[in-house]
Amino acid sequence: MSGTTIMLTDELQDYFHQVSLRETAILKELREETYANTNSPGMQIAPEQGQFMQMLVKLIGAKRVIEVGVFTGYSSLSVALAMPEDGEILACDVNPDTTAVARRYWEKAGVAHKIRLQIGPATETLQQLLEGKLIDGNQAGSFDIAFIDADKSNYATYVDLCYQLVRQGGLLIVDNVLWHGAVIDPARQDEDTIAIRTLNSALQRDERFDLSLVPIGDGMTLLRKR
Ligand code: SAM
Ligand code: CA
């Protein structure tokens, strides 16, 4: 059937991975360690998403990236590996334990010098960037990409703050926009599901961005700042 996005059976998902994944040994090690040692390994992005983000970094020549939601570091490590030596990632998370794993892998992969980890609620960190309190000077319009993958109830706030921080032509990447299918389940009325549903509807009409919802992983919306 044409005109729709193909449904991936398990076998087709395997084939997709077999013929396209280029996951390096260090990323594979981090993915496996996260699955073996953490309570919620499903929080980690899928390897094809990491590879897709590397492609986006290279396509737009990103040198400054914000990450909202680090966990054990799979997405930040993917992005850092694709960035030039003078690339910078400002990585935000509240959890010192999971981000200690991330730090260990950034160091092992030789990209730790590209990543600044800021522990604390991301709304505060992003606000501080805009007020010139974290890095000298107001950082508005100075980032190329913002990846949003933390607490879902704050997604709309993250989009607004990252809109200010990203340059014109820069990219916001919003993860989990299909929320494992819960977005279309009327029985799901929890705060996170409602937040994602509400944001998806608002973004469709949001004239600040060009938009594409890419059904990779749990769904990623790409927003290009106009
Ligand atoms: N991008 C990560 C990866 O590829 O492995 C996954 C991120 S995980 C889905 C969400 C993360 O957001 C968790 O590590 C959690 O500690 C963090 N988080 C939750 N609330 C937050 C907040 N208010 N500010 C910053 N980070 C937060
Ligand atoms: Ca996610």
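**Close-up views of a predicted model**

**View 1. Gln 54 and the residues it touches.** Leaving aside residues up to four places away in sequence, Gln 54 is in touch with Leu 27, Ser 78, Leu 81 and Ala 82. This is a predicted model, so read the distances here as computed ones. Gln 54 has its place in helix α3, which covers residues 47-60. Look for the side chain of Gln 54 reaching over to the backbone oxygen of Ser 78, at 2.8 Å. So Ser 78 turns up twice in this view, once as a residue touched by Gln 54 and once through its backbone oxygen.

**View 2. Ala 46, in the loop between α2 and α3.** The loop that holds Ala 46 runs between α2 (25-37) and α3. Skip anything up to four places away in sequence, and Ala 46 touches Tyr 74 and Gly 217. Ser 75 is worth a glance too: Ala 46 and Ser 75 are 29 residues apart along the chain, with their C-alpha atoms separated by 9.0 Å.

**View 3. Ligand 1 and the shell around it.** There are 19 residues around ligand 1, and those that come nearest are Gly 69, Ser 75, Asp 93, Ala 122 and Asp 149. Sorted by character, the shell has 11 nonpolar, five polar and three charged residues. The space that ligand 1 takes up is the second largest pocket.

**View 4. Polar atoms facing ligand 1.** Start with Asp 93: an N or O atom in its side chain is 2.6 Å from an oxygen atom of ligand 1. Over at Ala 122, a polar backbone atom is 2.9 Å from a nitrogen atom of the ligand. Asp 149 uses a polar side-chain atom, which lies 2.9 Å from a nitrogen atom of ligand 1. On its own, ligand 1 has 610 Å² of accessible area, and the protein covers 88% of that.

How values were computed
Residues numbered from 1 in each chain as written. Chains lettered and ligands numbered in written order. Predicted model: local features only at pLDDT ≥ 70, side-chain atom pairs only at ≥ 80, totals over all residues. Heavy atoms only, no water. Near = heavy atom within 4 Å. Polar contact = N/O pair within 3.5 Å; in protein donor to acceptor, adjacent residues only side chain to side chain. Areas by Shrake-Rupley, 256 points an atom, 1.4 Å probe, with all protein chains shown as cover. 1 Å grid on protein atoms, 1.4 Å probe; cavity = no way out; pocket = protein on both sides within 12 Å on 5 of 7 lines; lining within 4 Å. Sits in = over half its atoms within 2 Å of the grid points. Nonpolar A, V, L, I, M, F, W, Y, C, P; charged D, E, K, R; others polar. Helix = DSSP H or I, 4+ residues; strand = E, 2+ residues; numbered from the N terminus. Contact = heavy atoms within 4.5 Å.
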